Amino acid sequence: MNDEKQMNIEIIGTGRALPSKKVSNDDLAARIDTSDEWIRSHTGIGSRYIADEDIACSDLAAEAAKNALAMAAGYTGDDPAERDKAAAEIAGTIDMIVLATATADYFGTPSTACIVQDRICARNAAAMDITAGCTGFVYGLETAAGLLSINSRRKRALVIGAEVLSRMINWEDRGTCVLFGDGAGAVVVEKSGKNSGILQTLLFADGSGSESLVMRRGGTRNPFKKGEVIDTPICVEMNGQEVYNFAVKAITDTVEALMKAGNISIDNIVRIIPHQANARIVQAARRRLHIPAEKFYMNIEEYANTSSATIPIALDELNRSGQIKKGDLILTVGFGGGLTYGGNIIIW
Ligand code: COA
């Protein structure tokens, strides 16, 4: 029914971090040619959180990581000093940090994961970033599970999805800028003998669609040239319709493939956590799959699309609010730039 090695990689703590500034659709409509009505009716988005200028990806990632670590150490309160104390107790036991992002602090090196490793004092942890677009957390969880499974000395890992997408957006392009928000989510995973944890993971990629969601400038393909005047940020360019069609199929195919691979009926799944890029994408996939709306956890109305942070933010919300319980079967499904897609089935 499942892969023995992955069976006992268990999530023992979750955390999230959002910037303090919440920006509504009306706030955006005061600056660009859009409206609350258009954004809501076309995407389901009502607001998003936007990081202040001095906040980078690692800042949100480290906060989410500390919250997840503190929970793993048994602290779920909201006193920052107590939270930090609890997180510090366990940070030295982390063997690996896998951080998924499309909006790293720096281009190329150092990895954002290394900056987080230092910030949270995870002195025994190896650290690396992975780039898998909005599927980054799903990829990251499988990467961490594999790295724990392959070496008996590794026991615990931190998997983080963190983004400051607001800094990689062309704020004059109303077709993209209304869609994205900033945030981070994290989980602590541990090798355990219990009959819970990651039951099944499937990862897919279709690089033939790489041009439909692309940050074109700044890399070795299109480097900045001497004397060039840069007056827009490196920003996401997107073929909305192409991505939309891909996304509906990605959710449908992944859910069906996970059910088959795990030999599980959809009736056994308590919650589906889809990547949230557009509520209409999820609705279209849901109708194709004939799955009731209540099974899908949706928070796009508040956060917009936070890319690799979306799924761990949702996991933390569900976990902290008691909406998922020990033994529940959870399904995650992600899709995004690359193009990438995939999902996990987790016994909570
Ligand atoms: N406010 C008001 N009008 C807008 C607008 C905005 N923010 N953005 C686009 N429009 C306009 C367009 O200019 C166009 O006007 P026109 O008909 O006069 O030319 C009209 O709305 C329709 O645009 P269109 O692009 O056809 O809208 P759509 O219904 O396809 O929705 C997206 C556009 C981007 C919301 C949709 O294609 C989408 O969600 N795609 C997937 C994006 C995604 O998921 N990205 C991340 C993947 S991880």
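**Stop 1: the largest pocket**

Start with the largest pocket, which has a volume of about 1100 Å³. Keep in mind as you click around that this is a predicted model. To get to the middle of the pocket, select Thr101, Ala102, Thr103, Thr131 and Met215: of the 42 lining residues, these are the closest to its centre.

Now colour the lining by class. You should get 21 nonpolar, 14 polar and seven charged residues. Which strands each supply at least two residues of this lining? Select strand 5 (126-130) and strand 9 (213-215) and you have them. Strand 9 gives the largest share, three residues.

**Stop 2: the five-stranded sheet**

Strand 5 leads on to the next selection, an open sheet of five strands in the order 1-7-6-4-5, with mixed pairing. Show it as a cartoon and look at the two edges. Strand 1 (9-17) and strand 5 each have a single partner strand, so one side of each has no neighbour in the sheet. Direction ignored, neighbouring strands here are turned by 15° against each other on average.

Zoom in on strand 6 (residues 156-163) and strand 7 (residues 183-191). In what sense do they pair, parallel or antiparallel? The pairing is antiparallel, over eight bridges. For one of those contacts between the strands, pick valine 159 and look across to valine 187 in strand 7, its bridge partner.

Next, bring up helix 7 (residues 136-150). This helix lies across strand 1, strand 4, strand 5, strand 6 and strand 7. If you draw axes, helix 7 runs at about 165° to strand 6.

**Stop 3: two backbone oddities and a long-range neighbour**

Stay around strand 4 (96-100) and follow the loop from there to helix 6 (112-119), where proline 110 lies. Show the backbone atoms: the peptide bond joining threonine 109 and proline 110 is cis, with omega about 0°.

Carry on past helix 6 into the loop that leads to strand 5, and select cysteine 121. Its phi is positive, about 60°, although cysteine 121 is not a glycine.

Then hop to asparagine 170, in the loop between strand 6 and helix 8 (174-177). What does asparagine 170 touch, leaving aside residues up to four places away in sequence? Show Thr176, Cys177 and Cys235 to see the contacts. Add proline 233 too: it sits 63 residues from asparagine 170 in sequence, yet the two C-alpha atoms are 6.7 Å apart.

**Stop 4: the four-stranded sheet**

Hide what you have and show the open sheet of four strands, in the order 8-13-12-11 and again with mixed pairing. Strand 8 (197-205) and strand 11 (271-274) are its edge strands, each pairing on one side only. From one strand to the next, the twist averages 10°.

In the middle of that order, strand 12 (residues 329-336) and strand 13 (residues 340-347) pair in the antiparallel sense over eight bridges. Select glycine 336 and threonine 340, which are bridge partners. The loop between these two strands holds leucine 339. Check the peptide bond joining glycine 338 and leucine 339: this one is cis, with omega about -10°.

Two helices are worth adding to the view. Helix 9 (residues 240-262) lies across strand 8, strand 12 and strand 13, at about 145° to strand 12. Helix 12 (residues 310-320) lies across strand 11 and strand 12, at about 145° to strand 11.

**Stop 5: along helix 9 to the second largest pocket**

Keep helix 9 selected and run a distance from its first C-alpha to its last. Its 23 residues reach 32 Å, close to the 33 Å expected at 1.5 Å a residue. Just after the helix, look at asparagine 263, which takes a positive phi of about 55°.

Helix 9 also takes you to the last stop, the second largest pocket, with about 400 Å³ of space. Of its 20 lining residues, select Leu179, Met238, Gly240, Tyr244 and Asn278, the ones that lie nearest its centre. Which elements each supply at least two residues of this lining? They are helix 3 (36-43), helix 9, helix 10 (279-289) and strand 12. Helix 9 gives the most, four residues. Colour by class one final time: eleven are nonpolar, eight polar and one charged.

Conventions. Residues are numbered from 1 along each chain as its sequence is written. This is a predicted model: local features need pLDDT of at least 70, side-chain atom pairs count only at pLDDT 80 or more; totals for chains, interfaces and linings use all residues. Side-chain values use heavy atoms; hydrogens and water are left out. Two strands pair if DSSP finds at least two bridges between them. Axes are lines fitted to C-alpha atoms, for helices over the stretch in contact, and angles run from 0 to 180 degrees between N-to-C directions. Contact means heavy atoms within 4.5 Å. On a 1 Å grid over the protein atoms alone, a cavity is a set of points where a 1.4 Å probe fits but cannot get out, and a pocket is an open set with protein on both sides within 12 Å along at least five of seven lines; lining residues have an atom within 4 Å of a point. Grid points are joined across faces, edges and corners, and a volume is the space filled by probe spheres set on the points. Ala, Val, Leu, Ile, Met, Phe, Trp, Tyr, Cys and Pro count as nonpolar, Asp, Glu, Lys and Arg as charged, and the others, Gly among them, as polar. The expected span of a helix is 1.5 Å times one less than its number of residues.
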